[in-house]
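Student: Please take one part of this structure and go through it closely. I would like the largest pocket, its lining, and the residues around that lining, in one connected account.

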Amino acid sequence: TSIKKIEEQFGQIRIVNPLPDNYNVAPTQKAYVITNSAPDQIESFHWGLLPFWSKEGKLSGRLINARSEGIAAKPSFRLPIRKRRCLVLADSFYEWKTINGQKIPYRILLPNDDLLVFAGIWEIWGKGQDRIPTFSIITIAPNKEMSEVHNRMPAVLLTEAEQQAWLADQELSEILPLLQTLPDDTLHLYRVSTKVNGVRNSGKALHEKWEAPPTLF
């Protein structure tokens, strides 16, 4: 998403190290987050949580998502969900539906074109020059429109009150109820080009609706 769009929704918030436009953010790449430790600024973290106890400290992109079910007990997530929560910003996201063995991509967004704010958790591996900031997006059961494409969806925090509560210093009993499936018909989705399947592809064209080629009959 663009800095202009962020400022329209969040006001004149400080953006640390602005990112270039990216229409196809892939695991290990950077995206915008707002953490509970710095709620007055937007930072760029790598997508795919790297636990602080990792010995190698290599970005693998394996932990891009964290299932809400049992999150408080899983070794990689149990400390971040309690102490290091964040908001992940995006104008939309992609999900793939398997049709006849082929992965067909869809773009999912809010009908009013507002930014989506996902519930996330973050971590810092290493110190000093070796410091690597990472995050995961929390996933939950899908609503009606998402269930037509996939059996999971990101946990979306729609209101400012929900977003502030997610960043607040609260107990798990107050935080976990925020991870609710969106009401049906909240999201808009449409099919896009399979060029999205290639992580090196980016650009506005990836957001365009896919139109079936004309036939002779």
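Tutor: What follows starts with the pocket, moves to the residues close to its centre, and then turns to aromatic pairs, charges over rings and backbone angles. The model is predicted.

The largest pocket holds about 890 Å³ of space. Its lining consists of 38 residues, and Val-25, Trp-47, Phe-93, Tyr-94 and Ile-137 are the ones nearest the centre. By residue class, the lining of the largest pocket splits into 23 nonpolar, nine polar and six charged residues. Several strands supply at least two lining residues each, among them strand S2 (30-35), strand S5 (85-90), S6 and strand S9 (132-140). The largest contribution is that of S6, with four residues.

Ile-137, one of the residues nearest the pocket centre, belongs to strand S9. Ile-137 counts as buried because its relative accessibility is 9%, and the limit for buried is under 20%. Leaving out residues up to four places away in sequence, Ile-137 touches Trp-47, Ile-64, Asn-65, Ala-66, Val-88, Phe-118, Ala-119, Gly-120 and Pro-154. Of these, Trp-47 also appears among the residues nearest the pocket centre. The C-alpha atoms of Ile-137 and Arg-152 are 12 Å apart, with their positions 15 residues apart in sequence.

Next come the aromatic rings. A pair of aromatic rings is described by the distance of the centres and the angle of the planes. Searching the whole structure gives three aromatic pairs. One of them joins Phe-93 and Phe-118 in an edge-to-face arrangement, at 5.7 Å centre to centre with 80° between the planes. This pair connects distant parts of the chain, since Phe-93 is in strand S6 (residues 93-99) and Phe-118 is in strand S8 (residues 116-125), 25 residues apart. Both Phe-93 and Phe-118 are buried. Another aromatic pair, Tyr-94 with Trp-96, is tilted, at 6.4 Å centre to centre and 55° between the planes. The two members of this pair fall in separate accessibility classes: Tyr-94 counts as buried because its relative accessibility is 14%, whereas Trp-96, at 23%, counts as partly exposed.

Trp-96 also has a charge over its ring: the charged end of Lys-103 lies 5.5 Å from the ring centre. A comparable arrangement involves Arg-191, whose charged end sits over the ring of Trp-210 at 3.7 Å from its centre.

Tyr-94 leads on to two further residues. One of them is His-207, which is in contact with Tyr-94 as well as Tyr-23, Asp-91, Ser-92, Arg-107, Tyr-190 and Val-192, leaving aside neighbours within four places in sequence. His-207 lies in the segment after strand S11 (188-191), and it counts as buried because its relative accessibility is 13%. The C-alpha atoms of His-207 and Thr-134 are 26 Å apart, and the two residues are 73 residues apart along the chain.

The other is Asn-24, placed in the loop between S1 and S2. At 5% relative accessibility, Asn-24 counts as buried. Besides Tyr-94, Asn-24 touches Gln-29, Lys-195, Val-196, Gly-198, Val-199, Asn-201, Ser-202 and Leu-206, not counting residues up to four places away in sequence. Asn-24 and Ile-108 are 84 residues apart along the chain, with 13 Å between their C-alpha atoms.

The backbone angles remain. Most residues other than glycine have a negative phi, and most peptide bonds are trans. Thr-28 has a positive phi of about 80° although it is not a glycine. Thr-28 is located in the loop between strand S1 (14-15) and S2, the loop that also holds Asn-24. With a relative accessible area of 27%, Thr-28 is partly exposed. Asn-100 also has a positive phi, near 50°, and is likewise a residue other than glycine. Asn-100 sits in the loop between S6 and strand S7 (102-109). Asn-100 is exposed because its relative accessible area is 82%, and exposed requires over 50%.

Definitions and conventions. Residues are numbered from 1 along each chain as its sequence is written. This is a predicted model: local features need pLDDT of at least 70, side-chain atom pairs count only at pLDDT 80 or more; totals for chains, interfaces and linings use all residues. Side-chain values use heavy atoms; hydrogens and water are left out. Rings of Phe, Tyr and Trp (its six-membered ring) pair if their centres lie within 6.5 Å; planes under 30 degrees apart count as stacked, over 60 as edge-to-face and the rest as tilted. Buried means under 20% relative accessible area, exposed over 50%, partly exposed in between (1.4 Å probe, protein chains only). A charge sits over a ring if NZ of Lys or CZ of Arg is within 6 Å of the ring centre and within 35 degrees of the ring normal. On a 1 Å grid over the protein atoms alone, a cavity is a set of points where a 1.4 Å probe fits but cannot get out, and a pocket is an open set with protein on both sides within 12 Å along at least five of seven lines; lining residues have an atom within 4 Å of a point. Grid points are joined across faces, edges and corners, and a volume is the space filled by probe spheres set on the points. Ala, Val, Leu, Ile, Met, Phe, Trp, Tyr, Cys and Pro count as nonpolar, Asp, Glu, Lys and Arg as charged, and the others, Gly among them, as polar. Contact means heavy atoms within 4.5 Å.
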